[in-house]
Amino acid sequence: MTPLAAPFGQALPRVDGPDKVTGRALYGADHQPAGAAHAWLVSSPIARGRIRAIDSAAIAARPGVLLVLTHENASGLVHEAKSVAGRGHLTFSRPPLASDEIFFAGQIVAVVVAESAEIARDAAGSLRVEYAPQAATAGMDDPGASVVPAQALGETHLSRGDAEAAWKAAAVQLHLRYDTPAQHHNPLELFQATCEWQGDRLVVWESSQNTRAYQHGLATQLGIAPERISVHCPFVGGAFGSRGPLAHYTALIALAARQLQRPVKLVVTRQQGFTVRTFRAETRHDVRIAASRDGTLQALAHESWELTSRVDHFALAGSDSTARLYACRNIRTQVHNVLADRQMPGFMRAPPELPYLFALESAMDELAQALALDPIELRRRNDTQVDAVEGKPYTSRSLMPCFDLAAQAFGWSRRPAQPGQWREGDWRIGFGCASALYPAKMGPAECRVTLLAADRARVEIGSNDIGNGSYTILAQTAAAVLDLPVDHVEVVLGSSELPAAPLTAGSNSATTTCNAVAHACQEMKRRLQATAAASYPLTVDIAHRAEGVGGEDGGFALLRKGVPVIGGGVMEKHLAYAFGAQFAEVRVHAVTGEIRVPRLVGAFACGRIANPLTARSQLMAGQIWGMASALLEASEVDHRDAHYVNADLAEYLVATCGDVAEVTTLLVPEEDPHINPLGMKGAGEIGATGVNAAIANAVFNATGVRVRRLPIRLDDLLHDQGLNRP
Ligand code: MOS
């Protein structure tokens with residue numbers, strides 16, 4: 001296809017911006033059905049054991065309390081449904097309130113419904129629950145942790161050549177271990193659900209990345225036909241992977257609404273938000289990397305461990321991507337799961353790549369140091385246009401152009417080759433860099449375009465705008481093909497009633513939906529050209545297939561059920577990835593160990609860009625999050641009882657304006673004629689990848705201290721005082 005004309009590709013501000021800043025945009029909990037009752041969750045303080053007794057009668061009798069759901073009266077009412085690890089819809093496969101058994105701290109043990117949220121909260125706080133706790137395993141190194149083969153979405157074992165022998169025989173070899181912590185998505189909008197039965201139909205207002213998954217998951221859980229359920233969320237206040245699968249509370253709110261014959265609304269607290277959904281699990285990496293003296297990689301063996309729930313096994317297996325990044329003839333990967341008494345982990349922005357690139361890109365920096373080679377030069381000498389494991393070509397790969405552009409903008413040439421050389425007053429200064437990558441994904445999608453009049457169009461597609469700019473870029477796409485002004489295109493998103501589109505995740509949405517909408521609009525043009533006198537409204541429905549996805553039927557049957565059918569990354573004949581280069585300057589205080597990041601520079605090649613303004617916002621926010629991931633974010637688990645000790649925004653540190661100084665985000669133009677008709681790759685997650693390693697590498701360059709465990713903390717850097725982290 002020839003490139004789309006303007007306004008596609010223009011840096012237009014968000015079409016939904018005015019609605020968002022004036023409060024007209026309604027988020028999940030803004031929906032207030034008349035006569036709604038209010039729910040509050042009670043969650044378990046213990047991580048493993050049983051409920052011995054629960055005294056719901058005492059609070060059920062209080063004025064204003066309408067219903068108390070516990071396993072004693074709700075067991076069996078919610079059917080089992082598969083979790084995302086089993087290609088299902090749920091966060092966790094065990095049904096809620098099914099029995100007295102506790103699998104993780106924060107598990108829902110009761111739902112209290114009352115006339116007001118205040119009454120419900122007060123009653124929930126007074127509910128007496130007696131537990132019979134058992135010793136719980138908190139993390140990888142705690143008693144009771146067991147290692148099992150990983151159950152992962154990607155390949156858990158890759159093998160090419162003989163990594164062991166090549167590693168031993170190489171001129172320079174390193175054996176390194178890296179650790180990344182548990183982290184939690186904290187979207188600004190709290191998790192919530194409002195359910196109302198309209199006759200025998202269930203209507204749900206809940207912010208979601210996949211309304212059809214919620215619809216079909218609820219249908220299974222409640223044992224009713226999916227056609228009787230609709231899920232709506234026109235605006236979503238952040239998601240980052242947390243709102244992909246259906247959580248347990250929604251079915252309970254639907255049950256309560258049915259029993260009470262009135263709408264019920266739940267808003268989960270920030271603290272409960274840490275356990276009612278998934279999280280980014282701890283990972284550990286054993287990396288053996290070796291090169292010849294000239295820097296040619298000879299071996300890469302990457303063994304990894306990912307924490308998961310004892311009940312549901314789930315791993316990301318990021319080495320399926322990262323082990324293919326550089327040319328290397330001897331590769332071996334192996335992924336394990338470590339079982340603990342924790343909630344089910346899941347997807348959090350750039351789920352596999354963020355922790356796995358920390359390991360690989362730190363190791364590459366350590367190798368460059370051992371070889372006395374510039375880190376960019378090491379990557380250049382091992383750059384490749386084919387997959388290192390299977391020899392498949394990349395559809396396009398602009399890794400080194402990204403390094404060249406970012407290095408120039410950053411002023412990399414000023415970096416001292418030896419660490420600990422550059423000091424200004426009390427501040428030690430260092431530069432670091434790392435590669436960024438993320439699979440370029442796309443799924444099939446259905447889409448409806450209606451010409452309301454000769455110069456007005458409506459686009460309907462069951463995707464979501466989770467802050468990524470979907471409303472804007474889809475209006476641009478339709479406007480470009482139909483030759484209309486952008487403000488003459490209405491875009492309708494965020495409902496399970498709309499034509500089916502994949503979940504808004506995996507950085508697939510812009511690519512998938514722009515291609516589908518462009519296709520529908522082109523079909524509309526063809527019809528108009530074939531019609532002597534068009535009468536309006538004129539509607540076109542299309543089903544747009546994605547190359548190599550979904551087999552014979554194109555994946556549409558699964559798509560309509562909300563099951564993710566997106567392809568990309570490692571494909572049958574080629575590899576589809578976006579690449580980038582991350583640079584960081586750090587300043588480490590010589591006395592206190594305080595770490596500041598005055599500058600981040602990133603350059604990214606993501607195919608054709610629908611809107612450079614919204615794309616740069618995605619990438620820049622990713623860079624900032626990557627910085628927070630390296631220096632601030634960690635969910636601390638109490639090793640005695642496996643609960644999170646910092647489950648709020650006071651103690652779980654996210655980046656604030658004071659942490660962000662200068663962030664430069666550069667787009668490297670990239671033409672990819674193979675990847676999809678519009679030549680697009682996603683930009684939603686790649687910005688967050690590699691930043692952690694770039695910062696750790698910069699910290700090493702500043703101080704000579706190599707930190708292999710995130711987040712990097714002051715006490716890792718107090719070596720000047722002879723103080724070390726315990
Ligand atoms: Mo994202 S973690 O693919 O929602």
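**A colleague's note on the predicted model**

1. Let me start at a helix end: a side-chain oxygen of Asn611 comes to within 2.8 Å of the backbone nitrogen of Leu613, at the start of H15. Please keep in mind throughout that this is a predicted model.

2. Helix H15 itself passes a simple length check. It covers residues 612–631, and its 20 residues, at 1.5 Å a residue, should span 28 Å; the end C-alpha atoms are 28 Å apart, so the expected and modelled spans agree.

3. Next, the domains. The domain assignment splits the chain into three, each built from separate segments: domain 1 takes 17–25 and 442–566, domain 2 takes 31–134, 188–238 and 243–274, and domain 3 takes 157–165, 279–440 and 573–718. Helix H15, at residues 612–631, therefore falls within the 573–718 segment of domain 3.

4. How do domain 1 and domain 2 meet? Their C-alpha centres lie 32 Å apart, and 23 residues of domain 1 are in contact with 20 residues of domain 2. Between them the two domains bury about 1,700 Å², with 48% of that area on carbon and sulfur atoms. On the side of domain 1 that touches domain 2, the residues divide into 11 nonpolar, 7 polar and 5 charged.

5. What kinds of polar pairing cross this interface? Between domain 1 and domain 2 there are 13 residue pairs in polar contact, both residues at pLDDT 80 or more, while the number of salt bridges across the interface is 0.

6. Elsewhere the picture changes, with the count of salt bridges coming to 44. One pair worth a look is Arg332 with Glu164, whose closest N and O atoms are 3.1 Å apart. This salt bridge links distant parts of the chain: Arg332 belongs to strand E16 (residues 331–340) and Glu164 to helix H5 (residues 163–169), and the two are 168 residues apart. As a reminder, side chains of opposite charge can pair when their charged atoms come close.

7. Where are the cis peptide bonds to inspect? One joins Ala6 and Pro7, with omega about 10 degrees; Pro7 sits in the segment before helix H1 (17–22). Another runs from Tyr536 to Pro537, with omega near 0 degrees, and Pro537 lies in the loop between helix H13 (509–530) and strand E23 (538–544).

8. Finally, a backbone detail: Leu97 is not a glycine, yet has a positive phi of about 55 degrees. You will find Leu97 in the loop between helix H3 (71–74) and strand E4 (101–102).

Key
Residues are numbered from 1 along each chain as its sequence is written. This is a predicted model: local features need pLDDT of at least 70, side-chain atom pairs count only at pLDDT 80 or more; totals for chains, interfaces and linings use all residues. Side-chain values use heavy atoms; hydrogens and water are left out. Helices (H or I, at least four residues) and strands (E, at least two) are DSSP runs, numbered from the N terminus. The expected span of a helix is 1.5 Å times one less than its number of residues. A polar contact is a pair of N or O atoms within 3.5 Å; within protein, one must be able to donate a hydrogen and the other to accept it, and residues adjacent in sequence count only if both atoms are side-chain atoms. Domain bounds come from an automatic or database domain assignment. Contact means heavy atoms within 4.5 Å. Buried area is the accessible area (1.4 Å probe) that two parts lose on being put together, summed over both. A salt bridge is a side-chain nitrogen of Lys or Arg within 4 Å of a carboxyl oxygen of Asp or Glu. Ala, Val, Leu, Ile, Met, Phe, Trp, Tyr, Cys and Pro count as nonpolar, Asp, Glu, Lys and Arg as charged, and the others, Gly among them, as polar.
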